[in-house]
Structure formats: C-alpha cells, structure tokens
Amino acid sequence: MLQTTRAVMLKTVRHGDRSVVLKAYTEAFGARSYMLRAARRGRSSVIPQALDRLELVVTEDARHEMHIIREWRVELPYLRVRTEHARGLLLLFAQEVLYRTLREEVQDHDLFELVQRTLEQIDSSEDLNHLPLFLLLRLSGQLGFQPELPIGNVEHFDLREGRFITGRPAHGFCLDGGSSRAFAELMRADAVGDTPLLRASDRKLLLEHLLAYFRLHVEGFGQLRSPEVIHAVLH
C-alpha cells in the first residue's frame with residue numbers, strides 16, 4: 001500500500017550500482033529503512049543528503065523489514081546550512097546524535113516535531129552556541145530520561161539518576177559544583193524560553209557531560225566524532 005509521510009534522512013548506505021538503503025525518521029512510522037533506486041544526473045546519482053527534510057511516497061508492507069521509496073522530494077530546503085560552515089558542522093553533529101537515538105519504529109508526533117524545530121533552528125537561528133546543548137537536553141525529555149529541574153541550591157548533578165543531589169554519589173557519575181550550576185542555568189533558561197548566559201568553557205564541559213549522560217541512558221550511543229569540531233567553531 002502506498003503511503004505519504006514527512007521524513008528526515010538520517011543516513012544512506014550504497015546498495016549496488018543504482019540503489020541505496022535510506023535510513024529515515026518518519027512522521028507516520030518512526031524509524032524506517034527504505035530501498036531507493038537513485039535517479040541519474042549525468043554521471044552522478046541523485047539521492048537525499050544528511051538530514052534533508054523530505055516528503056516520501058513509500059510502499060509499506062508489514063511482512064517486510066525493508067520498504068520501498070516510490071517518490072521523494074525535499075519538502076523544506078535549507079537556506080543557510082549548505083553555505084555557512086558552522087551551520088553545516090552543527091548539522092553533522094545533529095545527524096550523529098539523531099542517527100544513534102531515533103530507533104523506535106512507532107509514530108511519535110512530538111519527537112518528530114522536536115527534530116523539525118531543531119533543524120529549522122540550525123538553519124535560521126542567530127545564536128548557534130547553545131543549540132548542541134538544547135538538542136541533547138530536549139531530546140532526553142522525548143526519549144524518557146529528562147533530567148529533573150533543580151530545587152533550591154544545587155551541589156551536584158547525578159548523571160546516573162538524572163537529578164540534582166546534595167553530596168557526591170558513591171558511583172562517581174556526577175558533575176562538579178561549577179558544572180552543576182551551569183547545567184541548572186541551562187535547564188531553567190530552556191524552561192522559560194530564555195538564552196542562558198554561559199561561558200564558552202562552561203558550554204564545552206556541559207556538552208561533554210551531556211554526551212556522557214546519553215551514553216549512560218542510550219544503549220549503544222558510543223563516542224561521537226563531531227564534538228571537537230563543534231568546540232572549534234562554536235565559541
């Protein structure tokens with residue numbers, strides 16, 4: 001049966017001379033793998049690029065793991081990502097994070113809309129410095145392990161339990177006092193829609209801590225390749 005859905009392209013894998021397997025996160029079906037026969041333009045194959053925002057016409061068959069793309073088009077072209085270096089690198093970071101986390105093969109409208117809003121912010125926002133942090137923080141909420149907002153003065157954030165605590169836990173997976181206060185500021189700013197006033201050094205540490213938080217809570221998340229590049233371009 002043919003179905004139409006919006007989708008975000010996560011990754012492509014070459015399959016023979018003319019076909020690719022496209023890993024996508026769709027609005028209607030969640031994570032999906034599709035076979036796409038690439039069109040030719042001269043000597044090049046025409047296929048979607050990383051995190052393209054697409055409209056797909058697909059064949060969905062519950063008897064098969066691999067589905068077929070019959071038609072596709074870019075629904076929302078990027079205006080600045082492909083020409084501005086920092087935005088392109090931030091999109092690469094988002095692609096790594098989303099590919100490693102968007103795995104559920106079920107419809108999740110709120111999660112799909114979060115992805116769409118994040119990609120639009122990468123393309124259009126004038127403040128890029130906090131976007132990697134907000135991506136991870138907001139994604140953790142949609143995936144079910146959102147940190148608890150701090151109450152009162154904070155000492156340490158427990159990465160394993162996802163909450164602020166008094167004293168240091170025995171297991172050692174926690175933020176020090178300075179990073180905990182910076183994380184609390186980030187969370188409070190996000191809750192009310194403000195821009196946090198974090199130093200570049202604080203943002204760098206928080207990014208490393210949030211990635212560690214994801215490694216604790218997302219099986220197989222692993223080490224990303226892009227964070228050092230992000231540190232170099234987002235001051």
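Colleague: Which residues do ring pairs link into a cluster?

Modeller: In this predicted model, the cluster joined by ring pairs consists of Phe145, Phe157, Phe164, Phe183, Tyr213, Phe214 and Phe221. The count of aromatic pairs comes to 8.

Colleague: How is a single pair of rings described, and what are the values for Phe157 and Phe183?

Modeller: An aromatic pair is described by how far apart the ring centres are and by the angle between the planes. Phe157 and Phe183 form an edge-to-face pair, with 4.8 Å from centre to centre and 80° between the planes. This pair links distant parts of the chain, since Phe157 belongs to strand 8 (residues 156–158) and Phe183 to helix 4 (residues 177–192), 26 residues apart.

Colleague: Are Phe157 and Phe183 buried or exposed?

Modeller: Phe157 and Phe183 are both buried.

Colleague: Turning to the strands, in what order does the closed barrel run?

Modeller: The closed barrel has 5 strands in the order 1-2-3-7-6, and their pairing is mixed. From one strand to the next, the twist averages 55°. Within this barrel, strand 2 (residues 19–26) pairs with strand 3 (residues 30–37) in the antiparallel sense over 8 bridges, and Ser19 stands opposite Arg37 in strand 3.

Colleague: Which strands does helix 1 lie across, and which does helix 2 touch?

Modeller: Helix 1 (residues 85–101) lies across strand 1 (2–15) and strand 2, running at about 105° to strand 1. Helix 2 (residues 109–124) packs on the sheet, where it touches strand 1, strand 2 and strand 6 (53–59), and its direction makes about 65° with that of strand 1.

Colleague: How many salt bridges are found, and why does the one between Asp52 and Arg82 tie together separate parts of the chain?

Modeller: The whole structure holds 12 salt bridges, and one of them joins the side chains of Asp52 and Arg82 at 2.7 Å, N to O. Asp52 lies in the loop between strand 5 (44–46) and strand 6, whereas Arg82 lies in the loop between strand 7 (67–74) and helix 1, so the pair ties together parts that are 30 residues apart in sequence. Asp52 counts as buried because its relative accessibility is 8%, under the 20% cut-off, while Arg82, at 40%, counts as partly exposed.

Colleague: Which residues do salt bridges that share partners join into one network?

Modeller: Arg80 forms a salt bridge with Glu84, with the closest N and O atoms 2.9 Å apart. Salt bridges with shared partners join Arg80, Glu84, Arg87 and Glu126 into one network.

Key. Residues numbered from 1 in each chain as written. Predicted model: local features only at pLDDT ≥ 70, side-chain atom pairs only at ≥ 80, totals over all residues. Heavy atoms only, no water. Pairing = 2+ DSSP bridges. Helix = DSSP H or I, 4+ residues; strand = E, 2+ residues; numbered from the N terminus. Axes fitted to C-alpha atoms, helices over the stretch in contact; angles between N-to-C directions. Contact = heavy atoms within 4.5 Å. Phe/Tyr/Trp six-rings, centres within 6.5 Å; stacked < 30°, edge-to-face > 60°. Buried < 20%, exposed > 50% of the residue type's maximum accessible area, 1.4 Å probe, protein only. Salt bridge = Lys/Arg side-chain N within 4 Å of Asp/Glu carboxyl O.
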